[in-house]
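Work through the exercises below with the sequence and the 3D view open beside you. Try each task on your own before you read its solution.

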Amino acid sequence: MMQHPQQYPQQQQQQQQQQQVVVMQQPVMTAPQPVNMGPRSWSTGICGCFEDISGCCYAYCCPLCFMCSLSSRMNENCCAMCVAPVAMRTKLRTENNIQGSVCGDYCAEMWCGALQLTYCQMDRELKHMGR
């Protein structure tokens, strides 16, 4: 189908009118909502002393110094680990979205605390987080 040359300018004008868009209000961009992935696991297991032998040696050779160092890295009083180790483990776990429960923290301290395993795990976790 042939079109007349007079119709070309009219078609171009219609196309230009159709392509012109005027933005009256800018679209509002909302920040993406963080996806809650749920609690994460500890970075190492409770018996993972071979993953950081120097930290475990420090815990076994000088437990009071080790616990004081651990407390200060958690922004707590030096005596906090000696007085309330379950509370310190719970604090570390809840502040860093680590799975578990207060009952689990208590059991870990009762059965593994005397062996320094829970303190070593907390130390490795803080190192994993860069603290």
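**Exercise 1. Find which residues Leu 92 touches, not counting residues up to four places away in sequence.**

Solution. Contact is taken as heavy atoms within 4.5 Å. With that cut-off, and with residues up to four places away in sequence not counted, Leu 92 touches Trp 42, Met 74, Ile 98, Met 122, Glu 125, Leu 126 and Met 129.

Before going on, note that this is a predicted model, in which local features need pLDDT of at least 70 and side-chain atom pairs count only at pLDDT 80 or more, while totals for chains, interfaces and linings use all residues. Residues are numbered from 1 along each chain as its sequence is written, and side-chain values use heavy atoms, with hydrogens and water left out.

**Exercise 2. Place Leu 92 in the largest nonpolar core, and name the elements that give two or more residues to this core.**

Solution. A nonpolar core is a set of buried Ala, Val, Leu, Ile, Met, Phe, Trp, Tyr and Cys residues joined through side-chain atoms within 4.5 Å; buried means under 20% relative accessible area, exposed over 50%, and partly exposed in between (1.4 Å probe, protein chains only). The largest core has 19 residues, and Leu 92 is among those that touch the most other members, together with Leu 70, Met 74, Met 81, Met 88, Tyr 119 and Met 122. Two or more residues each come from helices H2 (53-61), H3 (63-73), H4 (80-83), H5 (85-95) and H7 (117-128), and H7 gives the largest share, five residues. Helices (H or I, at least four residues) are DSSP runs, numbered from the N terminus.

**Exercise 3. Explain why H5 is largely enclosed by the rest of the structure.**

Solution. Eight of the eleven residues of H5 are buried, so the helix is largely enclosed. These buried residues are Pro 85, Val 86, Met 88, Arg 89, Thr 90, Lys 91, Leu 92 and Arg 93, and what covers them includes H3, H4, helix H6 (102-112) and H7.

**Exercise 4. Locate the disulfide and state what it ties together.**

Solution. A disulfide is a pair of cysteine sulfur atoms within 2.5 Å, and the structure holds one. It joins Cys 68 to Cys 78, with an S to S distance of 1.5 Å. Cys 68 lies in H3 and Cys 78 in the loop between H3 and H4, so the pair ties together parts that are ten residues apart in sequence. The torsion about the S-S bond is about -135°, so the disulfide is left-handed.
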